[in-house]
Amino acid sequence: MKEYNFEIIFINDGSSDTSKDVIENIIESNNVHLIDLYKNYGKSAALSEGFKYSKGDYVVTLDADLQDDPLEIPKLINILKDSNYDIISGWKKDRKDPVSKRLPSKFFNLITRLFSGIKIHDFNCGLKVYRKAVIKSIEIYGGMHRYIPVIAKQKGFLTSESPVNHRSR
């Protein structure tokens, strides 16, 4: 198995559960960090803080619910390394969510694809790999995390996608 030089940045966005304690208990090395936000400011704010703090050449985002399989990370990193793309977005091709989530998502993705010209199926997948230049040159806030590929395109960056394993909640 290939070894990776990595850092992990957990962002606690004001959770009232015991996740902060769990994270603090697993921080044993200099490459694992916790950013503890006072309250839940939303996903865009959490990602923005993580992007500011990160130091790596490649940055992977992954939601804590683990619906997107972390075992997909090496594959996505390798796709990015071997391409001229700046972002590789996961595509929940075989999505395990109820129809009440899938239909609005399909509509959102269709409209965003049409207006942006970015030919990906799943703008809102939490599993993405970015080149450092992308995350250091964009600003996201509010609900803008859904549009990171669009914001990145405006800065001249290219996005592609790869199907990823999606699991039920």
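Are Phe51 and Tyr130 buried or exposed? In this predicted model, both of these residues are buried, and they make a convenient place to begin a walk through the structure. A search of the whole structure finds two aromatic pairs. Phe51 and Tyr130 form one with an edge-to-face arrangement, in which the ring centres are 5.5 Å apart and the planes stand at 70° to each other. Because Phe51 belongs to helix H2 (residues 43-53) and Tyr130 to strand E5 (residues 128-131), the pair ties together parts of the chain that are 79 residues apart in sequence.

The two aromatic residues also lead into the nonpolar interior. The largest nonpolar core has 13 residues, and Phe51 and Tyr130 are among those with the most contacts inside it, together with Ile87, Val134, Ile138, Ile140 and Ile148. Helix H2, helix H5 (132-135) and helix H6 each supply at least two residues of this core, and the largest share, three residues, comes from H6. Beyond its neighbours up to four places away in sequence, Tyr130 touches a list of residues that includes Phe51, Ile87, Ile135 and Ile148, and also Asp57, Tyr58, Val59, Thr61, Leu80 and Asp86. A second, separate core of eight residues includes Leu80, Leu127, Val129 and Val164.

Leu80, which thus appears in the second core, also leads to helix H3 (73-81), where it is buried along with Leu76 and Ile77. These three residues cover an arc of only 100° around the axis, which puts them on the same side of H3. The buried residues of H3 pack against the strands E3, E4 and E5, and against strand E6 (159-163). In the loop between E3 and H3 lies Leu66, which is partly exposed, with a relative accessible area of 38%. Leu66 has a positive phi of about 60° although it is not a glycine; the backdrop to this is that most residues other than glycine have a negative phi.

Returning to H2, the loop that runs from this helix to strand E3 (58-61) contains Ser54. Ser54 has a relative accessibility of 7% and therefore counts as buried, the cut-off being under 20%. A polar atom of the Ser54 side chain lies 3.1 Å from the backbone oxygen of Phe51, so that the residue of the aromatic pair is met here again through its backbone. Leaving aside neighbours within four places in sequence, Ser54 is in contact with Glu7, Ile9, Val59, Ile135 and Lys136.

A further set of contacts starts from strand E1 (residues 8-13), where Ile11 is found. Ile11 is partly exposed, with a relative accessible area of 27%. When neighbours within four places in sequence are left aside, its contacts are with Ile35, Leu37, Ala46 and Gly50. Ile11 and Ala45 are 34 residues apart in sequence, while their C-alpha atoms are 10.0 Å apart in space.

The last region to consider is around helix H4 (99-116), which is preceded by a loop from strand E4 (87-91) that holds Asp97. With a relative accessible area of 7%, Asp97 is buried, and its side chain makes a polar contact of 3.0 Å with the side chain of Gln67. Not counting residues up to four places away in sequence, Asp97 touches Arg102 and His166 as well as Gln67.

Helix H4 itself can be checked for its length: at 1.5 Å a residue its 18 residues should span 26 Å, and the end C-alpha atoms are 25 Å apart, which agrees. Which residues of H4 are buried? They are Ser105, Asn109, Thr112 and Ser116, and they cover an arc of only 70° around the axis, which puts them on the same side of H4. In an α-helix there are 3.6 residues a turn, so residues three or four places apart point the same way. The face turned away from the buried side of H4 carries the exposed residues Ser100, Leu103, Lys106, Phe107, Leu114 and Phe115. What covers the buried residues of H4 includes helix H6 (148-154), the helix that also gives the largest share of the largest nonpolar core. Just after H4, Gly117 takes a positive phi of about 80°.

Terms used:
Residues are numbered from 1 along each chain as its sequence is written. Side-chain values use heavy atoms; hydrogens and water are left out. Rings of Phe, Tyr and Trp (its six-membered ring) pair if their centres lie within 6.5 Å; planes under 30 degrees apart count as stacked, over 60 as edge-to-face and the rest as tilted. Helices (H or I, at least four residues) and strands (E, at least two) are DSSP runs, numbered from the N terminus. Buried means under 20% relative accessible area, exposed over 50%, partly exposed in between (1.4 Å probe, protein chains only). A polar contact is a pair of N or O atoms within 3.5 Å; within protein, one must be able to donate a hydrogen and the other to accept it, and residues adjacent in sequence count only if both atoms are side-chain atoms. Contact means heavy atoms within 4.5 Å. The expected span of a helix is 1.5 Å times one less than its number of residues. The arc is that of the directions from the helix axis to the C-beta atoms. A nonpolar core is a set of buried Ala, Val, Leu, Ile, Met, Phe, Trp, Tyr and Cys residues joined through side-chain atoms within 4.5 Å.
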